[in-house]
Every structure is written in structure tokens, then in C-alpha cells.
Amino acid sequence: MTLLAFGINHTTAPLALRERVAFAPENLQSAMQEACAHAGLAEVAILSTCNRTEIYASSESDAEALQAWLVAHTAIDAADLSNSYYCYKDHEAVRHMMKVAGGLDSLVLGEPQILGQMKSAFAVAKEAGTLGAELHATFQQVFNIAKRVRTETAIGENPVSVAYAAVSLAQQIFSNLKQDTALLIGAGETIELVARHLVEQGIKHIIVANRTLDRAQRLARECKGEAILLADIPEYLHRADLVISSTASQLPLLGKGAVESALKKRKHKPMFMLDIAVPRDIEEQVGELDDVYLYTVDDLHAVIDENKKSRVAAADQAEEIISEGVEQFLRHQRALNAVETVKAYRQKAEQLRDLELQKALRSLQGGANAEQVLQQFARNLTNKLIHSPTTVLKEASASSRHHVIQVAHELFELSFTSDGSVNPAADPGSDASEQ
């Protein structure tokens, strides 16, 4: 099986393509089951955020089958995907997943939300039944290394996040937020962080709009704002100086007509609008209106770049931790490869032991001397256990395969004194039973 990490992100694909490849949360399970059925995947998990869509899979086939399935599933142009996707295999796939989980591959270097999103992708795949032993072990190692990155480096210090960048961008338009009202569309983690940053900056009032009123009310209580349903947005939109949206909707929630109506009620007082969602919540045509400053998640780059400098040194340290993590993972995988060999060798040794034991028991039942029976049992068992290795070693020596001899020294813990006699590595009388 080959481990694959296949995807597109904010550095390889524009927003227009990313939103077409995004998976709605309610469709993830069926999409993963479909991928297993039609793309030849043994295991699969999908991570879909505003900045990336990535598919982690264990497969006997290559990336072409996965690419073909994604094109068919999303109905995007194959050429567009070919020009934008990346695919990592085996240990490079593990390294990439660790970088993603640690925030080293994010738009915001070191941002913490991605780890939670990866854990969610893991949980959804597990629930869908598309997560097997290989991906399960991979994710566990990825999470362990991401935790080390968070605790052992300063990668997460200073408030650098999409939410923080969103509020920073708003402050560039409205220098003083203390007289402004913000309409936040959605009630997920990103919007929660936006709300906290706005409150810290002294925003005058916050309106939270969400598909379910309960969740909107919960967030509104925290920021002493008010809660509304998505359907009520047109009635409240004219009150908003700032509109920041981040939902999982597959269709736009705000169109040009609704914003035009709100601007008339505002007597064309400017509105700042930031659409963090992928797919977008706000129609692109809204940006054509004279009194609207419309930005998308891709416009946050300039704000974020200024905050990256303090994290560069921490990122170098994080890369070292990730390299250690990859090596640990590979050592574990290589150790697993020996399991079947160890089992087979033990089974063969036990069969030889049982055969000789039966012979010894029959001799004892026939009245043979017990001491002689035990000595013969020991000689026969020793001869049979070393017969195959001895034959192989002789053949290896005759054909000058000296590396086999060296491996035998290590395998059987053999060392020699200066006069050429064997110096056993362990006391022959010690109990070397397996722990």
C-alpha cells in the first residue's frame, strides 16, 4: 500500500478553484465512501477548509485514479486541477501532514485552528468507516508531533490568525471601531475568534447571524450582542459597518441586490465586507458597488506576512521536530514489517520443539534414563534449530555474500576474542525469554 497526501491549497490554487473543490461537512462521509469505491482506495480521510482541500489515502493505485475521481466528483476541469494539485507519497506524505497539523503550511504561519480541523477530519473518516490501521497510525503520529510543535516552540505565540488578520484589515478601513457595528455571519470557530478580537478592539455592537438561532445566541451572549437567523440578514444589513462571513454554505448568502438595498438605507455610508468562506458567502459582484470594500480570504496575505517574521525561527525548530517525527514513524513502520517474519520463525521453532518433545516423552514412557533423554532432546533441538541458518551461512560464505555473515553476527549476538574463539554476548545460562 502507498500512503498519499493529495490536494490543493492557497499557494497552488486561486479561491475560484478552491471553492469548487471544497467539500460540505454534510457530504464528507458519502464522498469518502464513494472515493473508496471508485478510486481504488483502501482508506481515506478528507480535510476541507477555506485554504485547502486535501485527501489522505492508503492505496494500491497511484495519484491518477484519485485525480480522476476528484474531477468526476466535483465536475471541475481536469486541466485546472492538473495545474494546481500536489501529491506526496509515503514518508513525504507523513511529513506534509505533520507540517499541516503544526501550522507550518498554513496561510497564517503557526495558526492553531488547523490541528482541530485535522482531528475533525480524522473523526469523520473513522465514523464513515474509511479509516483503517495505516491511516489511524499515521494520524496518531501526526497529532503527537503537532502537539510537540505547539508545546516546544514559539510557533503559536502572538495573535496571528485569519481572525486576527480580518480584524486588522478592518482597522485599516475604519481606524476606530468603537462607533461601528459588526455583522458576523456564521458561528463557527473562526467567527468566534473574530468576535473576541472585535470585542478587544472595543467594537460598539455585534450582530451574529447563523442558520440555527441557538448557536448564534450563545456567541451573542459572550460578546453582549444580538442574534438573528440567516433569513433575517436583509432586515439588519443596513446597520452593519463591518460584515465578516464564514459559513459552510455551498451557495452565496449575500447578493448584490440585498447589499444595494442596505446601502440606500445607509445613505451610501461605506461598508467593509470580508468573506472568509470557501465557497464564498458573498457574491463576487458585490465588490462592484462603489461604497463597498469587499475582500476575500486571499486578500489577507499582506496583513499576515507582517506577522510571520516573529515565527520564522520557531518554524525552523518545528521543522526539526517534524523530521524527528517522520524518522520515528518510519522506524515504527519498518518494525511492523518484521512482525510476520518473527511470527513465522517462532512458529517454526515451536514446531521443531514439539516434535522433539514428543520423542523425548515416548522415550521416558519406555523407561529410558531421564538424564540421557534430556541430553538427547537438547542435542536434537539444537541441531534442528541451527540447521537452516548454518546451511544458509555456508552458502553465503561460498558465494562471497559477506553482508549475510555480518547480519548473522548481529542477529545471533556473536563476537570473537583475539584468538578467534567465540565470545557469547550473553551468559548461556541466563533466561532470555521474550518480554
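1. A word on terms to begin: helices (H or I, at least four residues) and strands (E, at least two) are DSSP runs, numbered from the N terminus. The expected span of a helix is 1.5 Å times one less than its number of residues.

2. Please keep in mind that this is a predicted model, where local features need pLDDT of at least 70, side-chain atom pairs count only at pLDDT 80 or more, and totals for chains, interfaces and linings use all residues. Residues are numbered from 1 along each chain as its sequence is written, and side-chain values use heavy atoms, with hydrogens and water left out.

3. Now the overall picture: the chain holds 17 helices and ten strands. Its radius of gyration (taken over C-alpha atoms) is 32 Å, well over the 22 Å from the globule rule for 435 residues, so the chain is more spread out than a compact globule. That rule is 2.2 Å times the number of residues to the power 0.38. Along the principal axes, the C-alpha trace spans about 110 × 45 × 45 Å.

4. How much of the chain is buried? Of its 435 residues, 41% count as such, where buried means under 20% relative accessible area (1.4 Å probe, protein chains only).

5. Helix α3 is a good place to zoom in. This helix covers residues 63-74, twelve in number, and reaches 16 Å from first C-alpha to last, close to the 16 Å expected at 1.5 Å a residue. Its buried residues include A63, L66, Q67, W69, L70, V71 and T74. Just after α3, A75 takes a positive phi of about 60 degrees.

Conventions: Buried < 20%, exposed > 50% of the residue type's maximum accessible area, 1.4 Å probe, protein only.
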